[in-house]
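Visitor: I'd like a close look at one part of this structure, please. Could you take me through it slowly?

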Amino acid sequence: MKSFRSARPAEADAEAQVAALAQRMAPVHQALIEAQARRAELDPTNEKRIANLVQAAKKRQAGTFIHHSHAADPDPSPTTNTTFFLRISSIAVVMTAFIIVAAIHGTDIVEVVTGVQLALYSIVDVTRHVLERSTQHRTDRKDVSS
Amino acid sequence: MTSELTTEEWIRLYEPGLLMFARLQVGYHQAEDVRQEVLIRAVPRIRSITDPPSWLRATAMNVINDELRKKFALKRGGRQTHTDLAGDTIAELADDMAWCAEAGLSLEQTAEYLDVIALLRTLPPQLRHVGYLLVFEQATQAEVARELGCSQTNVAKLIKKANVALTAARPEARTETAKRPQQGATEGRTA
């Protein structure tokens, strides 16, 4: 029985068909984009939306994390936001406390530095492990989608 | 040119194209969310973006993939497929038709556009992206490779896959497959 693969048109034909389709779709695409632009111009809330969007982008850039998809909310609740600065400073506080406690106990400064170094290595190791798993997950996902 | 535009003008210029791409990928309602997230990422760096349409599309794909990954994680082991994406409801179709009418398209153009959109939506996200570039942006293989961040060889393979899938989904191919339902269905998936 004739297989589907052999029944389909030659590859060159398929490419030519896609090219011809692209030629026909070019004015359609342009018209649709222009219609979308007109639709946005006529929308009375569009200016406010763009202003909110720019403001949200500035907040995001300043390190404010916004946890919901409608991120253009100009006044997000402070309880749902954590600044990157706070996270970094909390790590710095823990490290400083560690060094001070070690110094109070009379530990040699070289040992303290070595301890901190080991802690940092552990953090890097864990991060690398997480990243590897993330990459693997992404590869799996790509396999599934393709 | 881009550097002379204000942020608001930049958004107004590139937003419609981004929205159209996002609508093809995830349907109208989710496209609004994708557009918002992509533009928030874009605004701080619009001066450094050299090819805005391409950057916006690539970022939109990242946002969509992030969203899919979240859904995938929530399913706890369920297999993620492109059918998780929305975009095939009657409301979406009605909105697409209204949009075509607003654009002043003829009935033939509208019918062909809706056909193409329906065909592209049968593809997985990456092939859908390639199909969009080929059909609507008239992109070359080099341009597609640059946008997807892969080699031209890979793009050629993707284009072949997209061509096969689009050809298989065409009405005449479907009719031919319907004559041989079991064999056509099995081999169509493996092709």
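Visitor: Is the crossing of H4(B) and H5(B) left-handed or right-handed?

Guide: The crossing of H4(B) and H5(B) is right-handed; the term means that the near helix is turned clockwise from the far one by less than a right angle, while anticlockwise would be left-handed. Before we go on, some ground rules: this is a predicted model, where local features need pLDDT of at least 70, side-chain atom pairs count only at pLDDT 80 or more, and totals for chains, interfaces and linings use all residues. Residues are numbered from 1 along each chain as its sequence is written, and chains are lettered from A and ligands numbered from 1 in the order in which they are written.

Now the pair itself. Helix H4 covers residues 90-102 of chain B, and its axis comes within 10 Å of that of H5(B), crossing at roughly 140 degrees. (Helices are DSSP runs of H or I with at least four residues, numbered from the N terminus; axes are lines fitted to C-alpha atoms over the stretch in contact, with angles from 0 to 180 degrees between N-to-C directions.) The two helices are therefore oblique to each other, a word for angles that are not under 35 degrees, over 145 or 65 to 115. On the H4(B) side, the contact is made by Asp96(B), Met97(B) and Cys100(B), and on the H5(B) side by Thr110(B), Tyr113(B), Leu114(B) and Ile117(B). Contact here means C-beta atoms, placed from the backbone, within 7 Å.

Let's take H4(B) alone. Its buried residues are Asp96(B), Trp99(B) and Cys100(B), where buried means 20 or more other C-beta atoms within 10 Å of a residue's own, exposed means 12 or fewer, and partly exposed is in between, with C-beta atoms placed from the backbone. They cover an arc of only 100 degrees around the axis, so they sit on the same side of H4(B); the arc is that of the directions from the helix axis to the C-beta atoms. Over on the other side, Ile90(B), Ala91(B), Ala94(B), Ala98(B) and Ala101(B) are exposed. Just after H4(B) comes Gly104(B), with a positive phi of about 75 degrees.

Then there's H5(B), residues 107-120, with 14 residues. Buried in this helix are Tyr113(B), Val116(B), Leu119(B) and Leu120(B). Looking down the axis of H5(B), you'd find them within an arc of 125 degrees, so they line one face of the helix.

Notes
The expected span of a helix is 1.5 Å times one less than its number of residues. Two residues are in contact if their C-beta atoms, placed from the backbone, lie within 7 Å.
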